[in-house]
Amino acid sequence: MSDNKTATNTTTEKSLFAQRFRGYFPVVIDVETAGFNSQTDALLEIAATTLTLDETTGQLSLDETIHFNVDPFEGANLEPAALEFTGIDPTNPLRGAVDEKKAITEIFKLVRKKMKAVGCQRAIIVAHNAAFDLGFVNAVTQRCSIKRSPFHPFVSFDTTTLSGLALGQTVLAKACATAQIDFNNSEAHSALYDTEKTAELFCYIVNKWQQLGGWPLIQPEETAQESSAEE
């Protein structure tokens with residue numbers, strides 16, 4: 001009896017955020033790189049946006065964003081086509097770039113602080129084409145000999161998939177337009193801008209799902225009880 005009571009109390013004490021994603025703490029990430037290969041190509045920018053969930057309404061919104069320009073690691077490959085696409089000049093001293101370890105350590109520090117505050121057990125990356133961003137985060141973590149990342153090593157929330165389902169669009173700009181989120185193409189391909197727009201898109205989809213009655217899900221036994229009460 002006491003064990004059941006303790007378990008019930010523990011469940012009750014969990015924050016709504018900790019319940020929403022099965023204990024995961026979603027953090028929106030975007031990286032800008034000098035190529036597609038996370039093992040050989042340089043990370044040039046990284047940004048992370050944490051989220052907050054209103055304990056009364058259950059609505060998700062943007063919380064805090066952290067951003068770094070990053071110096072290429074020693075021996076990193078810099079693909080000219082990638083640099084042309086992003087418009088990033090890694091040699092520009094005005095970038096105020098930091099090394100990979102400084103950037104990833106500060107992001108991990110913020111994530112752990114926010115995650116702990118809401119009682120979540122592990123962070124999970126949210127990104128547009130998430131496998132790409134997660135691959136670079138994992139590669140940097142390994143290169144910097146960081147033993148423990150707050151992020152799950154292979155599970156992610158991909159807004160490409162989510163927006164394809166919810167909005168019929170897979171391109172970030174088009175998905176934002178469909179969701180009536182302002183999107184300026186001239187500012188795109190900046191880690192800071194893309195991260196916050198991806199975060200807005202993720203919040204829109206999660207909140208829309210809630211408004212449509214999709215969360216919290218009504219369990220079959222609850223539906224049966226409601227039907228009995230009406231009779």
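**Group meeting talk: a walk through one predicted chain**

Of the 231 residues in this chain, 44% count as buried. Keep in mind that this is a predicted model.

Let's start with the overall layout. The chain holds 9 helices and 5 strands. Read from the N terminus, the elements go α-α-β-β-β-α-α-β-α-β-α-α-α-α. Now take contacts between residues at least 6 apart in sequence. Of those, 72% join residues at least 24 apart. On the outside, the chain exposes about 12900 Å². Carbon and sulfur atoms supply 52% of that area.

Next, the inside. The largest nonpolar core has 44 residues. Which of them touch the most other members? They are Ile29, Ile46, Leu60 and Phe151. Many elements feed this core. Each of these supplies at least two residues: α2 (16–20), β1 (24–33), β2 (43–53), β3 (60–69), α4 (100–117), β4, α5 (130–143) and α8. Helix α4 gives the most, with 7 residues.

Let me zoom in on Phe151. Leave out residues up to four places away in sequence, and Phe151 touches Val27, Ile29, Phe108, Val111, Arg122, Ala123, Ile124, Ile125 and Val137. Ile29 is on that list, and Ile29 is also one of the four core residues I just named. Apart from this core lies another one, of 8 residues. Its members include Leu167, Cys176, Ile181 and Leu201. Hold on to Leu167.

We meet Leu167 again in helix α6, residues 159–167. Which residues of α6 are buried? Thr159, Thr160, Ser163 and Leu167. Seen down the helix axis, these fall within an arc of 105 degrees, so they line one face of α6. Here is a general point about helices. An α-helix has 3.6 residues a turn, so residues three or four places apart point the same way. Now look at the other side of α6. There, Thr161 and Leu165 are exposed.

What covers the buried residues of α6? The cover includes β4 (122–127), β5 (151–158), α7 (172–178) and α8 (191–211).

Now the two ends of this helix. At the N-terminal end, Asp158 acts as a cap. A side-chain oxygen of Asp158 lies 3.0 Å from the backbone nitrogen of Thr160. After α6 comes Gly168. The phi of Gly168 is positive, near 75 degrees.

Let's move to a single residue, Thr33. You will find Thr33 in strand β1. Is Thr33 buried or exposed? Its relative accessibility is 7%, so Thr33 counts as buried. The Thr33 side chain reaches the backbone oxygen of Gly35 at 2.5 Å. Thr33 also has neighbours from elsewhere in the chain. Again leaving out residues up to four places away, Thr33 touches Ala42, Leu43, Leu44, Ala82, Thr86, Phe132 and Phe136.

Last topic: charged pairs. How many salt bridges does a search of the whole structure find? It finds 5. I will show you three.

The first pair is Asp63 and Lys114, with their closest N and O atoms 3.1 Å apart. Asp63 sits in strand β3 and Lys114 in helix α4, so this pair ties together parts that are 51 residues apart in sequence. How covered are the partners? Asp63 has 39% relative accessibility, so it counts as partly exposed. Lys114 is at 18%, so Lys114 counts as buried. The cut-off for buried is under 20%.

Next, Lys114 also forms a salt bridge with Glu64. Here too the closest N and O atoms are 3.1 Å apart. Lys114 is in α4 and Glu64 in β3, so this pair ties together parts 50 residues apart in sequence. Glu64 is partly exposed, at 33% relative accessible area. Put the two pairs together, and Asp63, Glu64 and Lys114 are linked in a network of salt bridges.

The third pair is Glu106 and Lys102. Their closest N and O atoms are 3.7 Å apart. Both residues lie in helix α4, 4 residues apart, about one turn of the helix. Glu106 is partly exposed at 25% relative accessibility. Lys102 is partly exposed as well, at 41%.

To wrap up, come back to helix α4. α4 gives 7 residues to the largest core. α4 also holds Lys114, the partner of Asp63 in β3. That's my tour.

Notes:
Residues are numbered from 1 along each chain as its sequence is written. This is a predicted model: local features need pLDDT of at least 70, side-chain atom pairs count only at pLDDT 80 or more; totals for chains, interfaces and linings use all residues. Side-chain values use heavy atoms; hydrogens and water are left out. Buried means under 20% relative accessible area, exposed over 50%, partly exposed in between (1.4 Å probe, protein chains only). The arc is that of the directions from the helix axis to the C-beta atoms. Contact means heavy atoms within 4.5 Å. A polar contact is a pair of N or O atoms within 3.5 Å; within protein, one must be able to donate a hydrogen and the other to accept it, and residues adjacent in sequence count only if both atoms are side-chain atoms. A nonpolar core is a set of buried Ala, Val, Leu, Ile, Met, Phe, Trp, Tyr and Cys residues joined through side-chain atoms within 4.5 Å. Accessible areas come from the Shrake-Rupley method with a 1.4 Å probe; for residues, only the protein chains shown count as cover. A salt bridge is a side-chain nitrogen of Lys or Arg within 4 Å of a carboxyl oxygen of Asp or Glu.
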